[in-house]
Amino acid sequence: MDLLQNSIPKPDPGSVHHEPHLEPFRIDPTFSPRLWGSRSLAPLYPEKSDLVEPIGEAWLTDVNCRVASGVFAGKMLGEAWREMPSGWRGKSFAAPGNFPLLVKFIFPTEKLSIQVHPDDAYASLHEKAAGACGKTEMWHVVSAAPGASLLLGLRPGVTRESFVAALENHTLEGLLQRHAVQARDTFFVPARTPHTIGPDMVICEVQQYSDLTYRIYDYNRRDPSGKLRELHIEKALAVTNFDSAPVAKIPPRPWVKERPSFGVNHLVDCPYFSVDRLDLRSSAHFKLDARRAAFRLIVVLSGEGGVSWLSARGGAGAFEFQQGECWFIPAGAFASVTYRPKGEVSLIEAGVPDRADSSSARK
């Protein structure tokens, strides 16, 4: 693969207090065991097969993930986020604060619990010790077996009283909307919306960086020690929105007209994150608006290939990617970028919206 080589020397990783050369870096995932998880994460992670315990989630931007390349290699993502120049993070993060996005792959072989997440307002009052941040998220279906489905949103007419009665009668599933799923489906999950994911699918989730989950019903499931898992009924009832509109799949919106070499679709845009999907079949070159003012994350859903890039600051570089990887793209790193897939490749690109981003587009 003939990629543009980086001709600018990289600084010593031990001296990142100086302005380091602007460049993307790869983040190694962390893997979280779950009762409902899988003992094989292939094909995303073929080395994760015949596992001793089931893995439910691969966290791609956990602050404890290790940076695998670039000037911050060897540091944890949270540490690199605080140390990098503010221009890498973007105009909205002059002061770093907490890393804003958590991206995951989810591997269920059983139903997850029926659960709900608080919004920022509730979390700021009642969950200060847990970060005081609510949890809005989106799901993009990477793969799904025939007949796979999930539950998202309440059926019309469900009240708090009928919800509590169904919970007591173990019929809560019947009050939620069931959605059949297939690969490439996208769902937006606002905070305060009850939901659960079913088995036989792989989900890429983009969310606020929060792990606040109020478990409502767990099918009498027990943890490895034999205890029933904790429920959070009172908090769940306090945050559940009983007046929400019906939920539907999010239709993709093309950024540009489909071309033989690629397709680019906008999936979700909300105050917390903006997400696109790129499907590449041969080399594709994009010019990007230099006003794009925030970092981006590239998540490889399938395939492998390479990227060469030029920055508005005169920098240049290249890297190769493979499925399951996550790359941090500093703000302003890509003035133009060329993707060179080996076969067909699908990528998710996620970031935090900024006013300057609203005028950004690929050409």
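## A tour by selection

Start with Gln 115: its relative accessible area is 12%, so it counts as buried (under 20% is buried, over 50% exposed, and in between partly exposed, using a 1.4 Å probe and protein chains only). Before you click on: this is a predicted model, in which local features need pLDDT of at least 70 and side-chain atom pairs count only at pLDDT 80 or more, while totals for chains, interfaces and linings use all residues. Residues are numbered from 1 along each chain as its sequence is written, and side-chain values use heavy atoms, with hydrogens and water left out.

**Stop 1: around Gln 115.** Gln 115 is in strand β5 (residues 114–116). For the labels, strands (E, at least two residues) and helices (H or I, at least four) are DSSP runs numbered from the N terminus. Show side chains and you'll find a polar contact of 2.9 Å between those of Gln 115 and Ser 113. A polar contact here is a pair of N or O atoms within 3.5 Å; within protein, one must be able to donate a hydrogen and the other to accept it, and residues adjacent in sequence count only if both atoms are side-chain atoms. Now add what Gln 115 touches beyond its neighbours within four places in sequence: Thr 193, Pro 194, His 195, Thr 213, Tyr 214, Arg 215 and Ile 216. Contact means heavy atoms within 4.5 Å.

**Stop 2: strand β4.** Select residues 101–106. Six of the six residues of β4 are buried, so this strand is largely enclosed by the rest of the structure. Leu 101, Val 103 and Phe 105 make up one covered side, and Leu 102, Lys 104 and Ile 106 the other. Yes, that includes a buried lysine, Lys 104.

Which strands pair with β4? Strand β3 (residues 55–59) is joined to β4 by three bridges, running antiparallel, and strand β11 (residues 201–208) pairs with β4 over six, also in the antiparallel sense. Strands pair if DSSP finds at least two bridges between them. To get your bearings, look for Glu 57 opposite Ile 106 in β4, then for Leu 101 opposite Gln 208 in β11.

**Stop 3: the aromatics.** Colour Phe, Tyr and Trp. Across the whole structure there are 21 aromatic pairs. Rings (the six-membered one for Trp) pair if their centres lie within 6.5 Å; planes under 30 degrees apart count as stacked, over 60 as edge-to-face and the rest as tilted.

Zoom in on Trp 81 and Phe 328, an edge-to-face pair at 6.4 Å centre to centre with 75° between the planes. Trp 81 belongs to helix α1 (residues 77–83) and Phe 328 to strand β20 (residues 326–329), so the pair ties together parts that are 247 residues apart in sequence. Both Trp 81 and Phe 328 are buried. They also belong to one aromatic cluster, together with Phe 25, Phe 72, Trp 88, Phe 93, Phe 99 and Phe 295.

Next, find the charges. Arg 89 lies over the face of Trp 81, 5.8 Å from the ring centre. Elsewhere, the charged end of Lys 48 sits over the ring of Phe 31, 4.4 Å from its centre. The criterion is NZ of Lys or CZ of Arg within 6 Å of the ring centre and within 35 degrees of the ring normal.

**Stop 4: Arg 296.** This residue lies in strand β17 (residues 296–302). Buried or exposed? With a relative accessible area of 6%, Arg 296 is buried. Its side chain makes a 3.1 Å polar contact with that of Glu 349. Arg 296 also leads back to the previous stop: its contacts outside four places in sequence include Phe 328, as well as Trp 327 and Asp 276.

**Stop 5: a four-strand sheet.** Select β16, β21, β18 and β19: in that order they form an open sheet with antiparallel pairing. Its edge strands, β16 and β19 (316–322), each pair on one side only.

At one edge, β16 and β21 pair over four bridges, with His 285 having Thr 338 in β21 as its bridge partner. β16 has a covered face of Ala 284 and Phe 286, and an uncovered one of His 285 and Lys 287. At the other edge, strand β18 (residues 304–310) and β19 pair over seven bridges, and Leu 310 is partnered by Ala 316 in β19.
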